[in-house]
Every structure is written in C-alpha cells, then in structure tokens.
Amino acid sequence: HETQPAATHWRRYAIGGIAIILVLGGFYYWTHSGNNAPRRGPIVAPVRVANVVQRDMEVVEHTIGTVVANSTVSVTARVQGQLTKAYFKEGQMVKENDLLFEIDPRPYQAAYDNAVATLASAKSTADRNQRLSLENAISAQQNETAQAAYLQAKANAEAARLNLEFTKIRSPVNGKTGPIMLQPGNLVSVNGLTTPLVTITQIQPIKVSFNLPQSDLPRIQARAQHGGLTATVNLHDAGGEDITAPVDFISNAVSNSAGTLELRATFANTDAVLVPGQLVDVTVALANIKDAIVVPRVAVNIGPDSQYVYVVTPEHVVEQHNVKVLFDDGNSMAIQSDVKVGEMVITDGALRALPGGKVNVARPRPQAA
C-alpha cells in the first residue's frame with residue numbers, strides 16, 4: 001500500500017513539468033515569432049503645402065471707429081419772455097438761419113418803438129444845437145451835451161432793435177435737431193443757468209474717429225505727406241456700399257495708456273447713414289509692399305527665438321527657414337527670408353513634421369491672391 005501514494009506524487013510532478021514546458025515554449029514563440037517578419041520603415045507624416053508667391057501686397061489696418069458729430073450746438077435764448085411757438089419738429093433737419101422758436105415780441109417791439117422816438121427827438125435837438133453853436137448862439141458845452149444825448153439814444157435804439165430781433169431764435173448751423181427741451185408756453189429765463197431750448201448736431205459732414213497702433217506711425221506719416229492717407233468705412237451691415245474719405249486729422253500725441261494714435265476722416269454723409277456715437281468698421285491703407293514674398297498665414301509658425309516656415313524640397317524633405325513678418329493681412333503674410341518663389345511651405349501637418357525628415361505631400365493648395 002505504500003507504493004501507490006508514491007506513484008501518484010510522480011504523476012503530479014510530471015504533469016506540472018509538462019505544463020511549465022508548454023508555458024515557456026509559448027512565451028518563447030510569442031516573443032520570437034516576429035523575428036523573421038519584414039520590418040516597416042519610418043512613418044512618413046502626411047502634410048498639405050502651398051506655393052510661395054511674389055506679388056505686391058497692400059499694407060492695411062482694420063479697426064473700429066466711432067462716428068463723431070462735426071459740431072454740436074446748444075441753442076439758448078438771448079432775451080427772456082414767454083416762448084410762443086416752435087417752427088420745427090423734433091429730429092428734423094434744419095439749415096443755418098432757419099427759424100426755430102419765437103419769444104413773445106410785444107414788450108420788445110414797444111421798447112424799440114420808444115427808443116426810435118427818443119432817437120428822433122435827440123437827433124432833432126442835436127441838429128438844432130449844432131446850427132446854434134455855429135452862430136455862437138449857445139455855448140459849446142450845450143452843443144456837446146446834445147450830441148452825446150443823440151449818440152446815446154442811437155445806441156439805445158440799436159440795442160432795442162437787437163432785442164426785438166432776438167425774439168426770433170434761428171439755427172446757427174446746418175444739422176439735425178434733438179428733442180425740444182422747453183415747450184412753447186413756458187417762460188424763458190436768461191439768468192446764469194439758462195436751459196438750452198434744443199441741441200443741433202451737425203451730421204453733414206460728419207467725422208469718424210479711430211485709433212491705430214503707434215508702430216504704424218512711420219507709415220502714417222509717410223503716406224500723409226503725399227496726401228494719400230484715406231479711410232474706408234464698411235457699411236455692408238447697414239445695407240450700403242463702402243465709403244472712402246481722406247484722413248484730415250492726425251493726433252499730435254500717442255496715448256500713454258493704449259499706445260495708439262487717433263486719426264479722423266470727414267465724410268459728406270449726404271444720406272445721413274452715419275449717426276454720432278455709431279461704431280463702424282474702418283480700413284486704412286498705409287503702404288504697398290512691392291514684389292513681396294508672400295506665404296499663407298497658416299504656414300508661419302512661432303518658435304522660441306523667431307518665426308519660421310517649413311519648406312518641403314522636391315525630395316519631400318523638410319527644411320526649417322526663419323522668417324521676419326513684414327505684414328499680416330489675416331490671410332497671407334509678406335515675409336523677409338531666404339525662402340524662394342515657387343517653393344512649397346507646409347500649411348497643414350506642421351506638428352507632425354521634423355526638420356530633415358520626410359513627409360507625404362498632398363496636392364498643394366492654391367495661394368490666395
């Protein structure tokens with residue numbers, strides 16, 4: 001009975017050994033079965049490219065401008081009295097010297113008539129005394145007194161005439177009226193705190209104010225010296241066409257806080273489409289780069305020390321070339337570099353490319369004109 005347990009133990013050891021041999025054989029086969037398989041070459045990155053072109057490139061700046069009234073006038077009364085009538089509607093366009101309001105003229109008409117009568121009497125006395133003085137019938141002092149009284153009466157009559165004229169309040173400028181601040185029937189006062197009757201905003205012509213970075217100052221000055229600095233306002237959102245006008249104001253100082261320079265252009269605004277306070281898109285042409293080397297904006301990458309592009313050689317090898325950007329219009333860039341016209345630059349897939357490595361080039365994208 002003692003041999004049976006021993007045989008059982010030997011069978012167990014044999015089975016365990018066979019299992020270990022099978023596991024080790026499988027591991028060896030799994031780890032070495034690929035040795036005879038063909039090895040793949042290095043992975044070639046797929047990229048898209050565009051051709052480098054040479055063309056004139058206009059240097060333009062796009063910014064936001066604010067429409068500014070050419071002038072704003074607060075119309076006030078110069079004489080006091082009851083406001084009897086308004087001759088316009090709120091928001092109406094008026095011309096210079098148009099009648100706007102009338103103050104009750106009767107007290108001033110009476111004062112003027114009295115001043116005219118006094119003037120006539122003073123003139124008669126002055127003329128008579130002048131004749132008597134020539135005949136030595138009165139003293140020289142009497143004659144001088146009469147002449148002074150006449151001059152004073154004449155001045156009083158002129159003042160009364162002006163006061164009567166001021167009862168009719170007229171527009172000092174061409175423009176658009178605002179709300180009427182004091183309605184007819186109210187008493188107009190001319191003390192120190194006179195309330196404006198209405199405000200008139202001159203919108204024909206009108207100005208557009210905008211700011212450009214101080215880095216553009218040399219180009220602004222150069223263009224302005226030749227009278228070629230113009231601003232174009234985009235009115236597509238308002239259903240109109242772009243309008244252009246010369247820049248007629250360049251600020252004499254750069255803003256310390258923003259580092260920008262204010263410019264203004266005056267527009268005729270004949271259709272009154274521009275309104276004071278309105279924000280508009282402004283485009284300013286500053287220069288023209290002749291025969292510029294131009295690449296797509298997406299082809300230019302930013303490195304730790306400089307900007308660069310990846311050029312793909314005819315053998316599909318990647319080369320890195322540093323560039324200096326002369327101007328960026330948001331779509332293309334004019335660059336200064338040793339890159340040549342007709343060469344291909346990577347526009348898509350630059351993150352997968354390495355200098356000296358090969359790439360798989362898709363069809364070149366057409367360069368934007």
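1. A good place to start is T313, which, once its neighbours within four places in sequence are left aside, is in contact (heavy atoms within 4.5 Å) with E319 and M344. T313 lies in the loop between β15 (307-312) and β16 (318-328), where strands are DSSP runs of E with at least two residues, helices are runs of H or I with at least four, and both are numbered from the N terminus. T313 has a relative accessible area of 12% and therefore counts as buried, a word that here means under 20% relative accessible area, with over 50% called exposed and values in between partly exposed (1.4 Å probe, protein chains only).

2. Please keep in mind that this is a predicted model, in which local features need pLDDT of at least 70 and side-chain atom pairs count only at pLDDT 80 or more, while totals for chains, interfaces and linings use all residues. Residues are numbered from 1 along each chain as its sequence is written, and side-chain values use heavy atoms, with hydrogens and water left out.

3. Taken as a whole, the protein chain contains four helices and 19 strands, and buried residues make up 32% of its 369 residues. Of the contacts in the chain with a separation of 6 or more, 75% are between residues 24 or more positions apart.

4. The largest nonpolar core (a set of buried Ala, Val, Leu, Ile, Met, Phe, Trp, Tyr and Cys residues joined through side-chain atoms within 4.5 Å) has 32 residues, and those with the most contacts inside it are V208, F210, F267, L274, V282 and V284. At least two residues of this core come from each of β2 (53-75), β9 (198-213), β10 (230-234), β11 (243-254), β12 (260-267) and β13 (279-296), and β13 gives the largest share, nine residues.

5. L274 deserves a closer look: not counting residues up to four places away in sequence, L274 touches V67, I206, V208, L235, I243, F267, N269 and V280. There is also a second, separate core of 20 residues, which includes V75, F88, F101 and V198.

6. Helix α2 (residues 106-134) has 29 residues and reaches 42 Å from its first C-alpha to its last, close to the 42 Å expected at 1.5 Å a residue, the expected span being 1.5 Å times one less than the number of residues. Within α2, the residues Y108, A115, A122, A126 and N129 are buried, and what covers the buried residues of this helix includes α3 (140-165). Just after α2, N136 takes a positive phi of about 60°.
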